[in-house]
Amino acid sequence: MLIEAARRAEAATKEMLARAKDGTASTSDLQRMLEITKSINAVNAAAQASAAAAIAERRNHGDGGAEVLASSAGLSRRDAHSHVKTAKTIEAAPAVRDAVESGRVSLANAKRLAEAVNKTSIQDVESDTELLAKAETMRPDQFTKETRRWTIRHQGDGGQTEHVRQRSRRSLRMWNADDGMVHLHGEFDAVTGKRIGNRLEAQARRMYDHDKKHTASRGDGDQRRTFHQCMADALDNLTATNNTSGGAAGKPFADIAVVWHANAHTEKLVAEIAGGDPLPAAVLEELMCNSAVTGLIYDTEGVPLWRGKTRRRATPGQMRALIAKYGGCFHCGAHPAMCQAHHIKPWYRGGPTDITNLVLVCWSCHQKIHHHKWTIRTHNGKHTLHPPNPVNYSPAHAPDPPPIPGPDPHRVSRRSRNRSSPQHDEQLFALG
């Protein structure tokens, strides 16, 4: 029975692929298929993890089925261990388990729920129906931030436990690859990672702009470095000298932006770095020793109250405010160096260049808005980007044929009586 069910699922999936590729499916059907496959993928992952765990238990593997899952399901060992860990955690949380096995929660969001369980408790997660509802509707990148904030709030120490955990995991590794390149992999706590990223971005941005100016004047645009190449060169420059002022010009720049806001539940002030990671009090005090402070005022619902000057282009201060608020592109999270300020209500329609009418958007998403008719929707002060609404076409049918012009008996009689006037005949023909 099990093998027959698996074969039917395989056949159905292949049929679905064929239908999607043959070009006969409507756009609405393709969209609906994507939504259904989200559920299929979650249920399939749960079935794989359950089968691997059963095999491992019967054969006394002692690894929860990770090795079986990696070798049989074609997963990397890292992904297999992650799947097994997630499945083991949510098995003890009935509400979460049922949501995953029914396909309502994606595998990615299930992992975030499992992490929240491990950092707090099953009771905390299971009793929060709002969190479970968000797991069913939010994209993984959005839900990751949501669970991080939720976890810190429920740990009750202002993020100190999470910061200590991140600090204990910090590492930096370098190794020589087979192709001769040197690879670097680093993991940092949120504060250190943001500081390092901002330092590199400040240097890389200057390099990138310098290349743009000088390659354009020489006409050799193909020699211009990409931004990621500039990031690599910035790391080389910053580690080659003891320059802590932010670059060759010695101009200061922001290591990190810290935002205070009132918690909507407790109405207490909460400090966060760009991107939404809360700062524990001890770390905040350390940062404040050598920091410049720029004030931004929000209400308890997160709506900014400060308004910038009415200008078409965002000021440097407004750009800093947008980076502090969004941490990157408001839609896809792209690095701030790739972003621009965008007017939600267009400037030419009277939209002010105020923080309340601006979002930080990357070049790619900016193209979607201006050239592919994507739209920004606002709900409860939160902005989201959406593709153009689908056009629903009625069933096609051939248009009625135009009437064939025929002689008007009255005009014919007139024309027959006025054959000596060709101009009059031409006018009558044109009118007919």
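Contact, as the word is used in these legends, means that heavy atoms lie within 4.5 Å of one another.

**Figure 1. Close-up of L30 in helix α2 of the predicted model.** The structure shown here and in the following views is a predicted model. L30 belongs to helix α2, which covers residues 27-58, and once its neighbours within four places in sequence are left aside, L30 is in contact with A20 and A25. R19 stands eleven residues from L30 in sequence, and the C-alpha atoms of the two residues are 9.4 Å apart in space. With a relative accessibility of 31%, L30 counts as partly exposed, because that value falls between the limit of under 20% for buried and that of over 50% for exposed.

**Figure 2. Close-up of A49, a second position in helix α2**. A49 is buried, its relative accessible area being 6%. When residues up to four places away in sequence are not counted, A49 touches L69, H83 and A87. A73 lies 24 residues from A49 along the chain, and the separation between their C-alpha atoms is 9.6 Å.

**Figure 3. Overview of the whole protein, as a setting for the close-up views.** The protein is built with 17 helices and eight strands, and of its 432 residues, 29% count as buried. Among the contacts with a separation of 6 or more, 51% are accounted for by residues 24 or more positions apart. The protein exposes about 28500 Å², of which carbon and sulfur atoms supply 54%.

**Figure 4. Close-up of the largest nonpolar core, which has 17 residues**. The residues with the most contacts inside this core are V96, V100, V105, L113, V125 and L131. At least two residues of the core are supplied by each of the helices α5 (94-101), α6 (107-119), α8 (129-137) and α9 (140-155), and the largest share, five residues, comes from α6. L131, leaving aside its neighbours within four places in sequence, is in contact with L113, V125, F143, T147 and W150. A second core, separate from this one, has 16 residues and includes L322, C329, F330 and V359. As general background, nonpolar side chains tend to be buried together in soluble globular proteins.

**Figure 5. Close-up of the packing of α6 against α9**. The axes of α6 and α9 are 10 Å apart and meet at an angle of about 10°; because angles under 35 degrees count as roughly parallel, α6 is described as roughly parallel to α9. On the side of α6, the residues of this contact are A108, N109, R112, L113, A116 and K119, and they meet P140, F143, T144, T147, W150, T151 and Q155 in α9. Sorted by kind, the residues of the contact of α6 with α9 comprise six nonpolar, five polar and two charged.

**Figure 6. Close-up of T89 in helix α4, which spans residues 77-91**. T89 is buried, with a relative accessible area of 11%. Apart from its neighbours within four places in sequence, T89 is in contact with A114, V117 and N118.

**Figure 7. Close-up of R167 in helix α10, residues 160-168**. At a relative accessibility of 30%, R167 counts as partly exposed. R167 touches D189 and T192, when residues up to four places away in sequence are not counted. F188 is 21 residues from R167 along the chain, yet the C-alpha atoms of R167 and F188 are separated by 6.8 Å.

**Figure 8. Close-ups of N60 and N380, two residues with a positive phi**. Most residues other than glycine have a negative phi. N60, although not a glycine, has a positive phi of about 55°, and this residue is found in the loop between α2 and α3 (66-73). N60 is exposed, with a relative accessible area of 69%. For N380, which is likewise a residue other than glycine, phi is positive and near 55°, and N380 lies in the loop that runs between the strands β7 (375-379) and β8 (382-386). N380 has a relative accessibility of 62% and therefore counts as exposed, the limit for that class being over 50%.

How values were computed. Residues numbered from 1 in each chain as written. Predicted model: local features only at pLDDT ≥ 70, side-chain atom pairs only at ≥ 80, totals over all residues. Heavy atoms only, no water. Core = buried A, V, L, I, M, F, W, Y, C linked by side-chain atoms within 4.5 Å. Buried < 20%, exposed > 50% of the residue type's maximum accessible area, 1.4 Å probe, protein only. Helix = DSSP H or I, 4+ residues; strand = E, 2+ residues; numbered from the N terminus. Axes fitted to C-alpha atoms, helices over the stretch in contact; angles between N-to-C directions. Parallel < 35°, antiparallel > 145°, perpendicular 65-115°, else oblique. Nonpolar A, V, L, I, M, F, W, Y, C, P; charged D, E, K, R; others polar. Areas by Shrake-Rupley, 256 points an atom, 1.4 Å probe, with all protein chains shown as cover.
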